[in-house]
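User: Hey, got a minute to walk through this one with me? I'd like to start with the packing inside.
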Amino acid sequence: MSENKRIDLHTHSLFSDGELLPSELIRRADVLGHKVIAITDHVDASNIQIAEKIADAVNDIRDNWDIKAIPGVEITHTPIEVIDKLANQARDYGAEIVVVHGETIVEPVKPGTNRMAAESPSVDIIGHPGLITPEEVQIAIDNDVSLEISSRAGHCLGNGHVAKLGLELGANLVLDSDTHAPGDLVTYELAERIAKGAEIPEKEIPKILQDNPEKILKKHGL
């Protein structure tokens, strides 16, 4: 196993459509060599309060295990007009990382989602943003919103586009797993190969796997 430790800021537990309790998901990540994992379950206005339950579970783990666990949410398929409102509500309920389900090419995400997420200073990451435009990337940069390279099947089909545009314009790129099942978790070594597969230059890979996610954590004092 690599001496480098994974930081994964996009995973799901059974609080939404994941298969595992937060505790088991975090334990499995710990064994695979993660130093940080965020539980970011799917939310809209109907269940935004689950951020509080995730925070309760995570706080127990923080007090007793070495791995840093972080409560969060992924705002998913909502009207674009409420993305910023929901992001702020999630933080009020204890979410420390806010992901927005971006315009992946394999789901019918509402057009304009990437832009509205990029415009919200309360959003940390646009997950799997698909064919995001240069203008949207620049807005994300201006508002300190990161773009995700995804290891998840289907969502990863946009990785090459996101990586190319993000590197050209200077976006903060991160590589997350979007884990839903135990086998979705990604080791550091596999994350490196996924980044290479997106044609990310080797010198940029440590930034995407370590430096850039750490910038998000430091922004929130984590």
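User: Which residues touch the most other members in the largest nonpolar core?
Analyst: Keep in mind this is a predicted model. That core has 53 residues, and the ones touching the most other members are Ile26, Val73, Ile75, Val123, Leu147, Leu175 and Ile200.
User: Cool. Which helix gives the most to this core?
Analyst: Helix 2, covering residues 50-62, with 5 residues.
User: And is there a second core, or what else is in there?
Analyst: There's a separate second core of 11 residues, including Ile97, Val99, Val174 and Ile216.
User: Back to valine 123 for a sec. What does valine 123 touch?
Analyst: Leaving out residues up to four places away in sequence, Val123 touches Ile83, Ala87, Val98, Val100, Ala117, Asp144 and Val145.
User: OK, threonine 113 next. Where is threonine 113 found?
Analyst: In helix 4, which spans residues 113-119.
User: Buried or exposed?
Analyst: Buried, because threonine 113 has 4% relative accessibility and the cut-off for buried is under 20%.
User: So what does threonine 113 touch?
Analyst: Ile80, Ile83, Val100, His101 and Glu103, again not counting residues up to four places away in sequence.
User: Switching to the outside. Which residues form a nonpolar patch on the surface?
Analyst: Ile105, Val106, Leu131 and Leu157, with about 400 Å² of accessible area together.
User: Where does leucine 157 lie, and why does leucine 157 count as exposed?
Analyst: Leucine 157 is in the loop between strand 6 (146-150) and helix 6 (159-169). Leucine 157 counts as exposed because its relative accessibility is 59%, and exposed means over 50%.

Methods:
Residues numbered from 1 in each chain as written. Predicted model: local features only at pLDDT ≥ 70, side-chain atom pairs only at ≥ 80, totals over all residues. Heavy atoms only, no water. Helix = DSSP H or I, 4+ residues; strand = E, 2+ residues; numbered from the N terminus. Buried < 20%, exposed > 50% of the residue type's maximum accessible area, 1.4 Å probe, protein only. Contact = heavy atoms within 4.5 Å. Core = buried A, V, L, I, M, F, W, Y, C linked by side-chain atoms within 4.5 Å. Patch = residues over 30% accessible without salt bridge, like charges linked within 9 Å, V, L, I, M, F, W, Y side chains within 5 Å. Areas by Shrake-Rupley, 256 points an atom, 1.4 Å probe, with all protein chains shown as cover. Salt bridge = Lys/Arg side-chain N within 4 Å of Asp/Glu carboxyl O.
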